[in-house]
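Reader: Please take a close look with me at one part of this structure and explain it step by step. I am a first-year student, so plain words would help.

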Amino acid sequence: MAKTQAAPTWPHYAAVGAIAFALFAGAFRHFIVEAQDPQKCSALMNEGEWLDNNSKNWQPEGCMAYNYGPKDVTTCMADKRVIFAGDAVTRQLFYAVAHLADPSLPSGPSAGVDKANDVVLRSTTGKTSFEFLWDPFLNTSAVTNMLRTGDTKGDRPALFVIGSGLWYLHSASESGGLSAWEAVMTTTLDSVQKTMPGLADNFVVLPVEQPIASKLSTELRSLINTADVDTMNNVLQNRLLATSPAASPLGHTPPPTYPIAIPSVFNKMLSESETNDGILFSDKLLAKQANILLNFKCNSALSKHFPMNKTCCNSYPRTSWIQFFVIFVVIFYGPFCRFVAPSIVASYPAATPFFPSSEYIMPLTIFGGVVGLSFLADRTSVFMKEQKQFDPWWFSGLCLASLAVGLATIKKKDKDLGFLNREQTDEWKGWMQIAILIYHYLGASKVAGIYNPIRVLVAAYLWMTGYGHFHFYYKKADYGLLRIAQVLVRLNLLTVALAYVMDTDYVFYYFAPLVSFWWTIVYLTMGIGYKYNENTPFLLIKLLSSCAAVTYVFKSEWLIDGLFAFLGGFFAIPWQAKEWMFRVTLDMWIVYVGMFSAFATIKVQQHNVTHHPKWQPIYKTSLVVSILTLVWFFWFELSQPSKFAYNAWHPYVSWAPVLAFVVLRNATPALRSASSTMFGFIGRCSLETFIMQYHFWMAADTKGLLVVLPAGFTWRTINMALATAVFVYVSHQVSEATGSLTNWICGAPKKRVLPPPATAPTGAANGRPEEAIPLMAQNGEAKAAEGTKEAAAATESLAAAAPTNRLLESWVVATKNPSVTLGAKGAGIVFSLWMLNLLWP
């Protein structure tokens, strides 16, 4: 009996099961467990941990805290009042908030000035008034009258913060100690509950600070008992919980944040390394506490526009009607075609062109499902989001682990596959994409020594764009409409869909726009006077002229500014000219280097240069030069003072390591015949992995990380592993679906499924470009001929038809003509996008 083998579809079912489990767990957490804290305000104020050892990156439980700057604070609290009242600990926080709002304001009391006084500071930008009332026991008439009557002697404060406790303990003989504090706080909280919301927009009671006992002086250590501090904080929390409207269905009741909020998380943020006396802490730590207050106060007040990186104490924007319409169409068009369209077509045959044939319904459904999943992940609170944290050990470990798997899956063919063969370029795209993904996931962009080589990987993708498309147009000279449609639709279908569904913009996903732009440049360069491309002097002059023209345009900012102003005014396209110029000029000439490289490769093959007696010395010299080039580049990039300094050099030096790698990777027949299966798999869906990471692997439009397991900090590593597996599966599925839908949109034959573009940011660029995007010339001609015969037959039918049916029959005739159909589809798509832009709020 033959052995039963495991079904090859088990990874598919495992991935689908993981997605279903993640959706169920996320929905259960959001709608049941955290039903009373849907905006994560209580989580912001009560739970969190440091992601680093230097007290720089504080992570609230399950949401992302935004790092506020003066401009943000001005937007939130311009011309408003902020009042602090309390002791020295409260005063420190007062100065931290004021200094964060306006760096020109002091970060602490001036030396030699009596600190036991009231202070008023006013920001120079937003005209925000910051007022501190010195009242360490919260019993002066000024403060108690405000709290009792709600009259703050002026405009209602946007934020009112009070804090006391330690002074009651270290001055117990005068203040009355713990019992006196409890009596004052009871009266205070009762008053606030009665006067809110008239007293202030938001009212915050600071927790009693837990001193660092090891840093306290002997005298203070004898006066301040940590058990007393715990008792005081328990009193505050119990009093706060008593105001909660109802218990959670699972018995977990988060502390409410209105009418009174207590940031108990402040004590969790304290670190022994950030204090000298055990009570007063460093400006760095206080700035993080101030940032928590500003997230609590301002997140919901700021503009709800991408990137959505303020997920604590905030809600996602309400979907406009036009955005909802787009989401509905993208998600449900596939099922609609499956279950409803057949009856429509049966009744109205002229509607046939609007619906795909049966083989495209599943890809259409998968595409819509993946886009909908992205919306659910990054535009709702079903999944939690967390901040990134760079760790050199994690970065190195993930890179080495990926390399190990890649090497373990190397397979060799029995023959030399040739220079830059398809398997090799897929592998190249794959390992580069993995490196870029790890770089993005861990937030390594601030490390210049990592950022600089990653820039070279992007340049390598663009080099392949120039190399592959030049090779195709030089060899095939196919400049037809079908080829244009194939490339542009394949590159941009997912990007355009996400831009509307997620309410971002097209240039935000910069790889697809960048490669579409450079493909256009290659197309125009090769297409102008293409009949003379075999003339070497003419072709070289044309390449150099194209390079000079593009350089001139992008060095003339007024041209780009004018173009983008026109796009914004006429087509309602809100692209940023400055960002686009940065993306293009950073790799200004690498595409042309790729084109010249392709031309040189073609000439070497045409003239059999590799069989020349002098080839061996040249070959060996090139290997030595390539090794020295890589060594030099890494020395050079590591010696740059910052990534900004390197960026200035990048357009001039990036070609060197790229060409060096190409030479070394193709040095021997053994190297050319071997490739990594794992890297190749990632390479074949690299465009989709790059785009999908924005919303489904990472979150907050790449600013944070998606949490698919609602288990808090404990399972962070397991979450990363599960999210990665699901992310790769989803990227692969949408890659296959996008290829099929490209065939449907462009009218390509079904059996010639369009493979993915050459890279995340490129189209068909590799050493064998004809394999990257299938050649449609012969098939397209056959299809056109077939369509012409059908159109002729339909024309005869039209002549015999009744006049009342001739309009519909004319439509049927037009839809059977491939060139008319493709042109009409293109015009229809452009017009539809234009209308969407005009209607978009």
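Author: Cysteine 399 counts as partly exposed because its relative accessible area is 26%, and the partly exposed class lies between under 20% for buried and over 50% for exposed. Keep in mind that this is a predicted model. Cysteine 746 has a relative accessible area of 5%, so it is buried. Over the whole chain of 841 residues, 53% count as buried.

Now let us turn to cysteines that are linked to each other. How many disulfides does the count come to? The count comes to 3 disulfides.

Start with cysteine 41, which forms a disulfide with cysteine 313, the two sulfur atoms lying 1.9 Å apart. The link of cysteine 41 and cysteine 313 is right-handed, with 80 degrees about the S-S bond. This pair links distant parts of the chain, 272 residues apart: cysteine 41 sits in helix α2 (residues 41-46), and cysteine 313 in the loop between α12 (283-298) and α13 (321-339). Buried or exposed, where does cysteine 41 fall? Cysteine 41 is buried, because its relative accessible area is 10%, which is under the 20% cut-off. Cysteine 313 counts as buried too, at 6% relative accessibility.

Next comes the disulfide between cysteine 63 and cysteine 312, with 1.9 Å from S to S. Here the torsion about the S-S bond is about 95 degrees, so this disulfide is right-handed. Distant parts of the chain are linked again, this time 249 residues apart: cysteine 63 belongs to the loop between β2 (58-60) and α3 (70-77), while cysteine 312 belongs to the loop between α12 and α13. Both cysteine 63 and cysteine 312 are buried.

Then there is cysteine 76, whose sulfur is 2.1 Å from that of cysteine 298 in a disulfide. What is the handedness of the link of cysteine 76 and cysteine 298? That link is left-handed, with -85 degrees about the S-S bond. Because cysteine 76 lies in helix α3 and cysteine 298 in helix α12, the pair ties together parts that are 222 residues apart in sequence. Cysteine 76 counts as buried at 6% relative accessibility, and cysteine 298 does so at 0%.

It helps to see how these links are arranged. If you count the bonded cysteines along the chain, the disulfides follow the pattern 1-6, 2-5, 3-4. Links between distant parts also show up in the contacts: among contacts between residues at least 6 apart in sequence, 77% join residues at least 24 apart.

Helix α12, which holds cysteine 298, leads us to a sheet. α12 lies across β3, β6, β7 and β8 and runs at about 150 degrees to β7. These strands belong to an open sheet of 6 strands, in the order β4-β5-β3-β6-β7-β8 and with mixed pairing. At the edges are β4 (119-122) and β8 (260-261), each of which pairs on one side only.

Let us look at β6 (residues 159-163) within this sheet: 5 of its 5 residues are buried. In a regular strand the side chains alternate between the two faces of the sheet. In β6, Leu159, Val161 and Gly163 point one way, Phe160 and Ile162 point the other way, and all are buried.

Who are the neighbours of β6? On β3 (residues 81-86), the pairing with β6 is parallel and spans 5 bridges, and phenylalanine 84 stands opposite valine 161 in β6. β6 also runs parallel to β7 (residues 202-205), joined by 4 bridges, with isoleucine 162 opposite valine 205 in β7. From β7 the sheet goes on to β8 through 2 bridges, again in the parallel sense, and there valine 204 stands opposite alanine 261 in β8.

So that you can place this part in the whole, the secondary structure of the chain comes to 35 helices and 13 strands.

Notes: Residues numbered from 1 in each chain as written. Predicted model: local features only at pLDDT ≥ 70, side-chain atom pairs only at ≥ 80, totals over all residues. Heavy atoms only, no water. Buried < 20%, exposed > 50% of the residue type's maximum accessible area, 1.4 Å probe, protein only. Pairing = 2+ DSSP bridges. Disulfide = S-S within 2.5 Å. Contact = heavy atoms within 4.5 Å. Axes fitted to C-alpha atoms, helices over the stretch in contact; angles between N-to-C directions.
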